[in-house]
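The exercises below ask you to read a protein model step by step, from its sheet to its charged pairs. Work each one with the coordinates open before turning to the solution.

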Amino acid sequence: SLSDRLQGTFDKLRGKGRLTEDDINSAMREIRMALLEADVNYRVVKTFVSACKEKCMTSEVLDSLTPAQNVVMIVLDQLTKLLGSTESKLVLAQNRTPNVIMLVGLQGSGKTTAAAKLAYLLKGQGHSPLLAACDTHRPAAADQLQTLGNEISVPVFRGDGKDAVAVARDSIQEAVDHLNDIVIVDTAGRLQVDEEMMQEAVDIKSAVKPDQILMVVDAMTGQDIVNVVREFAERVDFDGVIMSKLDGDARGGGALSVREVTGKPIKFVSMGEKPDSLEVFHPDRMAKRILGMGDVYGIIEQAQKVADEKQVEDAERMLLEGFTMDDYLGQLQQIRKMGGLQKMIGMLPGGERMLQQAGNQADESQLTKVESIIRSMTKEERKKPKKINGQRRKRIAAGSGHTVQDVNQVLKQWDQMNKMMGKMRQMTQVSPKGKKKG
Ligand code: GDP
Ligand code: MG
């Protein structure tokens with residue numbers, strides 16, 4: 001993946017200590033290749049790499065004590081800029097009820113799914129959304145929205161199910177009648193940019209005058225993404241992007257081009273099929289994720305959802321000071337509460353790779369096994385897992401009802417996690433007292 005490639009490049013630099021211009025040149029070549037292979041638009045790549053190179057080729061960087069670190073920070077900084085620098089919130093009009101949010105995009109891009117997720121997110125913020133089923137072309141489209149709406153207890157307006165513009169227009173009155181303060185308009189897409197689709201989107205737009213039009217873009221789309229997005233920008237125009245399917249393999253390639261090419265901000269990312277998997281887009285976090293630096297803030301934020309302040313402090317201490325088997329145990333329990341072990345591990349630097357190695361088998365029974373093994377360790381062993389020798393391994397295996405191999409596996413996993421924590425500590429600039437960014 002892109003992250004793996006970039007991480008490899010940085011590892012090489014770090015192994016070198018002092019850097020020469022040649023080192024920088026070859027690193028930049030590798031970055032360039034990695035980005036191109038991840039389907040980032042070639043113009044975007046060109047601008048990006050030359051900006052990075054210019055910043056790296058200064059004596060300040062080359063003569064510094066930690067040049068590799070500086071290069072990584074420069075690339076991170078440029079990447080964050082490319083992604084839009086600051087987070088771009090959904091703008092709702094204060095003096096209009098209902099607010100109207102319209103979703104556009106190609107068929108299969110994830111509009112209907114995103115409509116439901118957005119409704120779920122807004123509902124969680126105390127709004128009372130209404131979903132309008134304006135994809136009247138495919139008979140199953142309204143049913144799909146209805147099913148999703150039922151799941152999250154958000155009403156769906158279907159109107160006569162025939163004329164998309166009429167359904168959109170009538171949904172506004174429906175919202176007024178039922179005191180819904182936001183209407184989310186789901187629209188039809190085509191497999192490719194198509195005149196009829198564009199015209200319909202334009203007609204719906206002029207009928208309901210949306211406060212926000214969001215284009216849903218599938219992160220797995222390759223180079224073509226640039227043309228599609230540009231076309232929508234010219235015909236319908238939109239205020240921001242929802243990047244969908246970021247839980248797939250294509251991490252970031254498309255996202256990197258979209259902002260640069262259209263100037264439109266990415267507002268949300270969609271990371272799965274569940275209703276709660278829509279997240280506000282943070283360029284800095286995304287950049288870190290692309291560089292394989294892990295999403296420290298994301299992890300802490302996830303933790304915050306379920307944990308009290310004390311637990312958050314623990315999480316931070318763990319990231320900053322390395323961690324013991326007890327921390328590992330505590331974390332497993334946290335992960336359990338948070339759900340989505342894979343998602344959490346995927347956020348850690350090198351986590352993707354680890355998941356692949358583990359054959360994506362980090363499941364519930366695995367969790368239980370690891371827990372029982374750690375519980376069979378003494379206090380001392382949990383603090384200093386490196387001291388667990390062969391004899392101790394046998395004892396722990398017997399005590400927990402698992403094999404020595406299983407115990408070895410846990411120790412190995414702990415070792416990997418411990419190394420990752422160390423790496424994350426080096427790469428992220430979280431200070432012990434520093435507060436998380438909002
Ligand atoms: P639409 O045609 O634009 O309305 O697209 P849909 O919302 O129907 O989504 C098309 C397919 O992609 C469906 O099978 C969705 O479940 C799936 N999908 C949508 N968003 C995501 C996402 O963020 N992650 C994953 N893995 N699948 C998604
Ligand atoms: Mg749809």
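## Exercise 1: An exposed arginine and its partner

Arg-18 counts as exposed, because its relative accessibility is 57%. In this predicted model, find the acidic residue with which Arg-18 forms a salt bridge, and locate both residues along the chain.

**Solution.** Begin with the partner: the side chain of Arg-18 meets that of Asp-63 in a salt bridge, with 3.3 Å from N to O. Next, place the two residues: Arg-18 sits in the loop between α1 (2–14) and α2 (21–37), while Asp-63 sits in the loop between α4 (59–62) and α5 (67–82), so that the pair, 45 residues apart, links distant parts of the chain. Finally, compare the surroundings with the cut-offs, under 20% for buried and over 50% for exposed: Asp-63, at 48% relative accessibility, is partly exposed.

## Exercise 2: The whole chain

Describe the chain as a whole, in terms of its secondary structure, burial and contacts.

**Solution.** Start with the secondary structure, which comprises 21 helices and eight strands. Then take burial: 52% of the 438 residues count as buried, and the chain exposes about 20,500 Å², of which carbon and sulfur atoms supply 49%. Last, consider the contacts between residues at least 6 apart in sequence, of which 75% join residues at least 24 apart.

## Exercise 3: Order and edges of the sheet

In what order do the strands of the open sheet lie, and which strands stand at its edges?

**Solution.** The sheet has eight strands with mixed pairing, and reading across it gives the order β3-β2-β4-β1-β5-β6-β7-β8. The edges are taken by β3 (156–157) and β8 (278–280), each of which has a single partner strand, so one side of each is left without a neighbour in the sheet. Within the sheet, β1 (residues 99–104) and β5 (residues 212–218) run parallel and are joined by four bridges, and in this pair Met-102 has Ile-213 of β5 as its bridge partner. Two helices can then be added to the picture. Helix α8 (residues 164–177) packs on the sheet, where it touches β1, β2 (129–134), β3 and β4 (182–187), and its direction makes about 165 degrees with that of β2. Helix α9 (residues 195–208) lies across β1, β2, β4 and β5 and runs at about 175 degrees to β1.

## Exercise 4: Strand β2 and its neighbours

Determine how far β2 is covered, and with which strands β2 pairs.

**Solution.** Six of the six residues of β2 are buried. In a regular strand, side chains alternate between the two faces of the sheet. Here Pro-129, Leu-131 and Ala-133 point one way, whereas Leu-130, Ala-132 and Cys-134 point the other way, and all are buried. Turning to the pairing, β2 is parallel to β4 over six bridges and parallel to β3 over two bridges. Ala-132 takes part on both sides, with Val-185 as its bridge partner in β4 and Phe-157 as its bridge partner in β3. The path from β2 to β3 passes through helix α7 (residues 139–151), and this β-α-β crossover is right-handed.

## Exercise 5: An aspartate in β4

Is Asp-186, a residue of strand β4, buried or exposed, and which residues does it contact?

**Solution.** Asp-186 is buried, because its relative accessible area is 2%, which falls under the 20% cut-off. Leaving aside neighbours within four places in sequence, Asp-186 is in contact with several residues, including Lys-111, Thr-112, Ala-132, Ala-133, Cys-134 and Leu-145. Asp-186 and Leu-131 are 55 residues apart along the chain, yet their C-alpha atoms are separated by 7.3 Å.

## Exercise 6: Charged pairs among the helices

How many salt bridges does the whole structure contain, and which residues join Glu-381 in a network?

**Solution.** The search finds 14 salt bridges. One of them joins Asp-406 and Lys-369, whose closest N and O atoms are 3.1 Å apart. Asp-406 lies in helix α21 (residues 404–427) and Lys-369 in helix α18 (residues 364–375), so this pair ties together parts that are 37 residues apart in sequence. Asp-406 is buried at 17%, whereas Lys-369 is partly exposed at 25%. Another joins Arg-395 to Glu-381, at 2.9 Å between the closest N and O atoms; Arg-395 belongs to helix α20 (residues 390–400) and Glu-381 to helix α19 (residues 379–383). Arg-395 is partly exposed at 36%, while Glu-381 is buried at 3%. Salt bridges that share partners join Glu-381, Arg-392 and Arg-395 into one network.

Notes: Residues numbered from 1 in each chain as written. Chains lettered and ligands numbered in written order. Predicted model: local features only at pLDDT ≥ 70, side-chain atom pairs only at ≥ 80, totals over all residues. Heavy atoms only, no water. Salt bridge = Lys/Arg side-chain N within 4 Å of Asp/Glu carboxyl O. Buried < 20%, exposed > 50% of the residue type's maximum accessible area, 1.4 Å probe, protein only. Contact = heavy atoms within 4.5 Å. Areas by Shrake-Rupley, 256 points an atom, 1.4 Å probe, with all protein chains shown as cover. Pairing = 2+ DSSP bridges. Axes fitted to C-alpha atoms, helices over the stretch in contact; angles between N-to-C directions. Right-handed = clockwise from strand over helix to strand, strands pointing away.
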